[in-house]
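The following exercises introduce a protein chain through its overall form, its record annotations, its enclosed spaces and a few single residues. Each task is followed by a solution in steps.

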Amino acid sequence: MRPILMKGHERPLTFLKYNREGDLLFSCAKDHNPTVWFADNGERLGTYRGHNGAVWTCDVSRDSSRLITGSADQTVKLWNVKTGSVLFTFQLDSTCRSVEFSVGDKLAVVTTDHFIELPSAIHVKRIATDPDEQSGESVLTIKGPVGRINRAVWGPLNKTIISGGEDSVLRIWDAETGKLLKESDEKTGHTKGITSLVKSVDGSHFITGSLDKSAKLWDIRTLSLLKTYVSERPVNAVAMSPLLDHIVLGGGQDAVNVTLTDHRAGKFEAKFYDKILQEEIGGVKGHFGPINALAFNPDGKSFASGGEDGYVRLHHFDADYFHIKI
């Protein structure tokens with residue numbers, strides 16, 4: 001599997017997102033400029049200029065016409081994907097870590113970090129069809145738990161919001177009232193901060209990655225634990241194949257600690273696991289630093305990883321991959 005190396009960012013990658021058709025790949029990094037690439041050959045299409053801080057997250061609308069990005073500059077921006085122009089800027093009161101369009105693209109869930117007196121929060125914003133009618137108000141604001149919320153996503157039919165973050169607890173909130181409906185319990189839950197959270201294609205379950213060196217698979221409605229995948233290093237990013245029962249985990253220790261230990265201990269590879277059997281089936285090496293972002297193409301035939309080294313690596317699977325036997 002020869003990777004395509006995409007060099008368009010000058011700082012570490014933070015997030016990757018394919019559009020629904022799988023022909024475009026959006027990347028976010030700490031260098032302020034979200035970028036869009038052709039997903040088949042890795043050619044850079046353009047950058048979105050306007051943020052003044054690290055861009056932590058993005059999502060793209062179902063018809064690939066609009067991009068939403070969240071940044072450390074305390075704004076969330078809506079962009080026209082084709083022209084790169086900013087359609088609207090939401091002013092927040094602290095760093096935005098996570099954004100996601102609802103099914104139907106009429107709403108977006110946005111999370112903000114705690115900042116001095118302000119607690120972390122989950123905001124629901126209405127997304128207008130006409131940019132001229134867009135307003136910055138939140139339809140709902142949920143006061144979050146102590147510590148950062150790293151990821152918040154919509155539950156089935158936009159009725160709930162699922163969040164996870166530094167306090168290692170998963171929570172399900174009512175998307176209309178903001179009431180807390182469920183929490184993951186200490187026995188089955190993560191023991192350290194949750195770094196990533198990705199839903200399955202059908203929206204029935206989701207996977208979380210954590211600094212406790214594991215990833216876990218959960219039922220999206222009941223929050224019951226289905227599977228656990230154990231790694232030897234902190235997990236920064238997770239992705240789920242839409243085609244096969246495969247999970248991929250990425251991570252590595254913090255760049256700060258790499259030099260203090262044996263250089264091989266960093267082990268910056270994307271590791272594949274069988275989703276059902278929970279066993280490791282292979283790994284893809286190549287990054288020179290921890291992997292911070294992973295995404296599967298919606299067709300399941302390729303995946304992308306983004307690292308602390310500033311590179312996006314695009315891997316198209318060989319034919320053998322589709323016949324892996326355990």
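A residue is called exposed when its relative accessible area is over 50%, buried when that area is under 20%, and partly exposed in between. The structure under study is a predicted model.

**Exercise 1. Classify Thr 191 as buried or exposed, and describe its surroundings.**

Step 1. The relative accessible area of Thr 191 is 65%. Because the threshold for an exposed residue is over 50%, Thr 191 is exposed.

Step 2. Thr 191 is placed in the loop that runs between strand 17 (180-183) and strand 18 (194-199).

Step 3. When residues up to four places away in sequence are not counted, Thr 191 touches Ser 168 and Asp 212.

Step 4. From Thr 191 to Asn 292 there are 101 residues in sequence, and their C-alpha atoms are 20 Å apart in space.

**Exercise 2. Determine whether Pro 12 is buried or exposed, and list what it touches.**

Step 1. Pro 12 has a relative accessibility of 11%. The limit for a buried residue is under 20%, so Pro 12 counts as buried.

Step 2. In the chain, Pro 12 belongs to the loop between strand 1 (4-7) and strand 2 (13-18).

Step 3. Leaving aside residues up to four places away in sequence, the contacts of Pro 12 are Ala 29, Lys 30, Asn 292, Gly 307, Glu 308 and Gly 310.

Step 4. Leu 243 is separated from Pro 12 by 231 residues in sequence and by 29 Å in space, C-alpha to C-alpha.

**Exercise 3. Describe the backbone angle phi and the accessibility of Lys 213 and of Leu 223.** 

Step 1. Lys 213 has a phi near 70°, which is a positive value in a residue other than glycine. For Leu 223, phi is near 60°, again a positive value in a residue other than glycine.

Step 2. The loop between strand 19 (205-210) and strand 20 (214-219) holds Lys 213. Leu 223 is found in the loop between strand 20 and strand 21 (225-230).

Step 3. With a relative accessible area of 38%, Lys 213 is partly exposed. Leu 223, at 7% relative accessibility, counts as buried.

**Exercise 4. State how the chain as a whole is built, and explain why it may be called as compact as a globular protein of its length.**

Step 1. The chain contains one helix and 28 strands.

Step 2. The radius of gyration is 18 Å, and the globule rule gives 20 Å for 326 residues. The two values are close, so the chain is as compact as a globular protein of that length.

Step 3. The C-alpha trace spans about 50 × 45 × 40 Å along its principal axes.

Step 4. Of the 326 residues, 56% are buried. Among contacts with a separation of 6 or more, 43% are between residues 24 or more positions apart.

**Exercise 5. Identify the spans that the UniProt record lists as "repeat: WD", and describe two of them.**

Step 1. The unreviewed UniProt entry lists residues 6-47, 48-89, 142-183, 187-228 and 284-314 under this name.

Step 2. Residues 6-47 are 0% helix and 52% strand, with end C-alpha atoms 13 Å apart.

Step 3. Residues 187-228 are likewise 0% helix and 52% strand, and their end C-alpha atoms lie 13 Å apart.

**Exercise 6. Find how many cavities of 30 Å³ or more the structure holds, and describe their linings.**

Step 1. A search of the whole structure yields two such cavities.

Step 2. The largest cavity has a volume of about 40 Å³. Its lining consists of Ser 231, Arg 233, Pro 234, Val 235, Leu 249, Gly 250, Gly 251, Glu 269 and Lys 271. Strand 23 (residues 246-251) gives the most to this lining, namely three residues. By class, the lining has three nonpolar, three polar and three charged residues.

Step 3. The second largest cavity also has a volume of about 40 Å³. The residues that line the second largest cavity include Phe 268, His 287, Ile 291 and Arg 313. By class, this lining has four nonpolar, four polar and two charged residues.

**Exercise 7. Characterise the second largest pocket by volume and lining.**

Step 1. The second largest pocket holds about 180 Å³ of space.

Step 2. Among the residues that line the second largest pocket are Leu 107, Val 124, Trp 154, Asn 158 and Lys 159.

Step 3. The lining of this pocket divides into seven nonpolar, one polar and three charged residues.

Notes. Residues are numbered from 1 along each chain as its sequence is written. This is a predicted model: local features need pLDDT of at least 70, side-chain atom pairs count only at pLDDT 80 or more; totals for chains, interfaces and linings use all residues. Side-chain values use heavy atoms; hydrogens and water are left out. UniProt positions are given in the numbering used here, feature names are shortened, and annotations may be inferred rather than shown by experiment. Helices (H or I, at least four residues) and strands (E, at least two) are DSSP runs, numbered from the N terminus. On a 1 Å grid over the protein atoms alone, a cavity is a set of points where a 1.4 Å probe fits but cannot get out, and a pocket is an open set with protein on both sides within 12 Å along at least five of seven lines; lining residues have an atom within 4 Å of a point. Grid points are joined across faces, edges and corners, and a volume is the space filled by probe spheres set on the points. Ala, Val, Leu, Ile, Met, Phe, Trp, Tyr, Cys and Pro count as nonpolar, Asp, Glu, Lys and Arg as charged, and the others, Gly among them, as polar. The radius of gyration is taken over C-alpha atoms; the globule rule is 2.2 Å times the number of residues to the power 0.38. Buried means under 20% relative accessible area, exposed over 50%, partly exposed in between (1.4 Å probe, protein chains only). Contact means heavy atoms within 4.5 Å.
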